[in-house]
Amino acid sequence: MANLLSSYNPIGKTLVSVEYSVQEGKPILFGLELVQKKGELDINQTFTLKQPEELSKFSKTTHLSLVITDDYVLSKEVQQTGTDAEIVAEAFPNLNLNDFYYQILRSTNSSFIAVCRKEYVETCIEQFQKAGNTITTIALGVLKMTALSGYAQGETLKSYTAEVGFSNEELISIVSKREHIEQQYNIEGLTFPATHSLPLAIILDVVFNTDRISGNLETRNQELQKRHKETRFFKNTLQLGVGFLLITLLINFFVFNANYKKWQGLQEELQVYTTQKEQITKKQAEVSTKEALVQSILTTGFSKSSYYTDQIVQAQPATVLLTSFIYQPLTKPIRKNKYIEFRENIISIMGKSTDKTEFTAWLKIMENLPFVEAVTIIQYGLDKKNISDFEITLKIKPDAAKD
């Protein structure tokens, strides 16, 4: 197939063509799928169907070329090779071209024309579209068999609806007939049944784009090809867009995931710093509380305690033994995180006495001390050994405590 490939530039790597005809009053479709494999064109498959809906079972390619050869297509040969208008007028006088599509193939001495109502052609296109297929080109009759003229070697080739004669690589005759044929053809390595020769010719005409055929149907073909290209462009653009979107989302996911992990790490560090700050704040509060407690004690004139102790002890007789000397005793036990409460300007003294007379004299001496406001006996008791346990309190004058 090297000769075929020299100008091969198809719409895609797989091309499908279908001949839409009639058999015993019922539609019949002859399909052929051509593919490019390793630099060559090969027939992938041929198939015969009853309805367009069956196409999806045989081919994954949804775009195809269609040729109509049923009874709604009229064909004629005329001895006229002039303009399209002259050929149409000679073949079908008074034909309203607003209602008909036509195609014309010119040979050296004559022209072949095929016509069909536009309404019927559009109905066929719509029928295939409803079945999920896209028509890229459409043809009428067997005029496209001219694409095989270079390979017929002057022989006659049969299609499902006609027998076509060739001479000097030119189509010279078309004889309409419908008969059961089982003949096989082989053209440069392509083997196919005679019933599928027209679908093959359709594909080769698309491949080579010979422009041997004229007519107003070519305008409709341009519209179909434009729509197909736009659809493919939109589909490819959509796929690229979706692919780009997915890649962007994937990149964003990785970036987000990395940033999220970093954020998690920062959150954990922040949590640690917050916990440490709370602990430091708590410790600072405890220190402040203790400082306040110490300060409160200092502000009470605790510095005077040594002076008071010295004066009281100097007056203490030998018969008195002190067991406790507390300046500003606590009113309540010390509790954590609580202020220390104490009796201001009070000295609590506890001890033992062996001589009541000297004990009494000691009390009088303390009453006369300049800083003592009052002396109160809390407890005084005599045990079996003539030793008395005592507890007394001295109230310090407020003015003396401030000095």
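**Exercises: confidence, cores and a surface patch**

This predicted model has an average pLDDT of 85, and 89% of its residues score at least 70.

**Exercise 1.** Find which element has the lowest mean pLDDT and which has the highest.

*Solution.* Start at the low end: helix α1 (residues 2-5) has a mean pLDDT of 45, the lowest among the elements. Now the high end: strand β7 (residues 111-117) reaches 96, the highest. Then look at the stretch around the low value. The pLDDT is below 50 over residues 1-12. In the model, that stretch still has 25 contacts beyond near neighbours in sequence.

**Exercise 2.** Describe the largest nonpolar core and name its residues with the most contacts inside it.

*Solution.* Take the size: this core has 58 residues. Next, the residues with the most contacts inside it: Leu66, Ile68, Ile138, Leu140 and Met145. Then the source: helix α4 (residues 197-208) gives the largest share, seven residues. Another core lies apart from it, with 19 residues, including Ile312, Val320, Leu369 and Ile392.

Now zoom in on Met145. Set aside neighbours within four places in sequence. Met145 then touches Leu157, Lys158, Ser159, Val164, Phe166, Leu171, Ser197, Leu198 and Ala201.

**Exercise 3.** Locate Leu245, and work out whether Leu245 is buried, partly exposed or exposed.

*Solution.* First, the element: Leu245 sits in helix α5 (residues 217-298). Second, the accessibility: Leu245 has a relative value of 49%. Third, the cut-offs: buried is under 20% and exposed is over 50%. Leu245 therefore counts as partly exposed. Last, the surroundings: Leu245 joins Val242, Leu246 and Leu249 in a nonpolar surface patch of about 370 Å².

Note on methods:
Residues numbered from 1 in each chain as written. Predicted model: local features only at pLDDT ≥ 70, side-chain atom pairs only at ≥ 80, totals over all residues. Heavy atoms only, no water. Patch = residues over 30% accessible without salt bridge, like charges linked within 9 Å, V, L, I, M, F, W, Y side chains within 5 Å. Areas by Shrake-Rupley, 256 points an atom, 1.4 Å probe, with all protein chains shown as cover. Salt bridge = Lys/Arg side-chain N within 4 Å of Asp/Glu carboxyl O. Helix = DSSP H or I, 4+ residues; strand = E, 2+ residues; numbered from the N terminus. Buried < 20%, exposed > 50% of the residue type's maximum accessible area, 1.4 Å probe, protein only. Core = buried A, V, L, I, M, F, W, Y, C linked by side-chain atoms within 4.5 Å. Contact = heavy atoms within 4.5 Å. pLDDT = per-residue confidence, 0-100.
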